[in-house]
Amino acid sequence: MVNLKKDNLIIANKKFNSRLIVGTGKYKSMPECAKAIKLSGAEIVTVAVRRVNISDKNKPLLMDYVDPKKITYLPNTAGCFNSKEALRTLRLAREIGGWKLVKLEVLGDKKNLFPDMIETLKSTEVLAKEGFKVMVYCNDDPLMAKRLENSGADAIMPLAAPIGSGLGIQNKINIQIIRKQTKLPLIIDAGLGQASDATIAMELGCDGVLVNTAIAKAKKPFEMALAFKNAVIAGRQSFQSGRIDKILMGNPSSPSKGII
Amino acid sequence: MKKIKKIKIKLNGKIKSINQDSNLSLMLKNLKIPLNKVAIELNEEIIDKKKINKIKLNKNDKIEIVHFIGGG
């Protein structure tokens, strides 16, 4: 029997079996979104806080398709460009139904969607003081990641590449340095394009990945959801199994003794 | 017939005319808003949904009603 110990993803003392977190945006329909979540095996999904459509009350509600009692909703501040907006959004999110586990994302530039780390740090501090459990979207900068940790973050979520870009992990070294310096959950958030990107993230020692566009906008979202599920599991198993050292020259796989 | 006075408020960014003696709870009921799925702000302050019955609406009040939608 293989000896891979069962290891859960633990965020703010809450245990999850799946290390894949998925977004709920950009799907063609609510049923499509719900089915993709199911196939991905994700237990946490990010959601946005927006105005209720007063004029069209027949519009389908996310909560009618994705049961918040079964799937953990992770309210996200996507679209916020300063601390004030982000705090307002998350306080409202908490009020909807007692959500304390939240994802903070304060953007700094409308084109590249990079996080504004000054505003992010400020917000993290306030939210932690108010009792929120904050998972923080950040740049792949080890120094900023450290400062976030000191500000009370519950998870560090560096980008792989710009949000929705599909470029995959651009700076593996930085991710590895962040991994080495923190015991907090480290989750790659944003910029993944295909399942193998998730495997790489897990092999670098990350605790999980967050994917939205790569699944929602794939030609076959259901199949891609499944591919990401398997990729995250494979990457985690590979990481736990301990990879071989890299060497420059060849090393034959068959014994050199007894050659005829 | 007695004419009911109307006041103007702003609901989710849009101006709306309501009866002067209306309150927040009544308005939400009329709009068929499922309270357990939303959060409400009155003039940028979050309203405790348990205390909603007591809240009267005044001229130029700004109300925001938000819920969760799909997002990344």
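Q: How many residues of chain A are in contact with chain B, and how many residues of chain B do they meet?
A: In this predicted model, the side of chain A that touches chain B has, by class, 15 nonpolar, eight polar and five charged residues. Counted across both partners, the contact joins 28 residues of chain A to 20 residues of chain B.

Q: Which element supplies the largest share of the side of chain A that touches chain B?
A: Four elements of chain A each supply at least two residues of that side, namely β4 (44–51), α2 (62–65), β5 (72–76) and α3 (83–97). The largest share amounts to six residues, and the element that supplies these is β4(A).

Q: Which strand of chain B is joined by bridges to β4(A), and which of its residues does A48(A) stand opposite?
A: The strand of chain B that is joined to β4(A) comprises residues 62–70, and five bridges link the two, which run antiparallel. This partner is β5(B), and within β5(B) the residue opposite A48(A) is I69(B).

Q: What ipTM does the predictor give the complex, and where in chain B is confidence lowest?
A: For the complex as a whole, the predictor gives a pTM of 0.90 and an ipTM of 0.89. Chain B averages a pLDDT of 87, with 97% of the residues scoring at least 70. Within chain B, confidence is highest in strand β3 (residues 39–42), at a mean of 94, and lowest, at a mean of 85, in helix α1(B), residues 24–30.

Q: Why does α1(A) count as roughly parallel to α9(A), and is their crossing left-handed or right-handed?
A: The axes of helix α1 (residues 30–40) and helix α9 (residues 221–241) of chain A come within 7 Å and cross at roughly 25°. Because angles under 35 degrees count as roughly parallel, α1(A) is roughly parallel to α9(A). As for the hand of the crossing in which α1(A) passes α9(A), it is right-handed.

Q: Into which classes do the residues of the contact of α1(A) with α9(A) divide?
A: From α1(A), the residues E32(A), K35(A), A36(A), L39(A) and S40(A) meet a set in α9(A) that includes P221(A), F222(A) and F228(A). By class, the residues of this contact are seven nonpolar, one polar and three charged.

Q: At what angle do α7(A) and α9(A) pack, and how many residues of their contact are nonpolar?
A: Helix α7 (residues 195–203) of chain A and α9(A) have axes 7 Å apart and pack at an angle of about 25°, which makes α7(A) roughly parallel to α9(A). Their crossing is right-handed. Among the residues that meet are A198(A), I200(A) and M202(A) in α7(A), with F228(A), V232(A) and F239(A) among those in α9(A). The residues of the contact include four polar and two charged ones, and the nonpolar ones number 11.

Notes. Residues numbered from 1 in each chain as written. Chains lettered and ligands numbered in written order. Predicted model: local features only at pLDDT ≥ 70, side-chain atom pairs only at ≥ 80, totals over all residues. Axes fitted to C-alpha atoms, helices over the stretch in contact; angles between N-to-C directions. Parallel < 35°, antiparallel > 145°, perpendicular 65-115°, else oblique. Left-handed = near helix turned anticlockwise from the far one by under 90°. Contact = placed C-beta atoms within 7 Å. Nonpolar A, V, L, I, M, F, W, Y, C, P; charged D, E, K, R; others polar. Pairing = 2+ DSSP bridges. pLDDT = per-residue confidence, 0-100.
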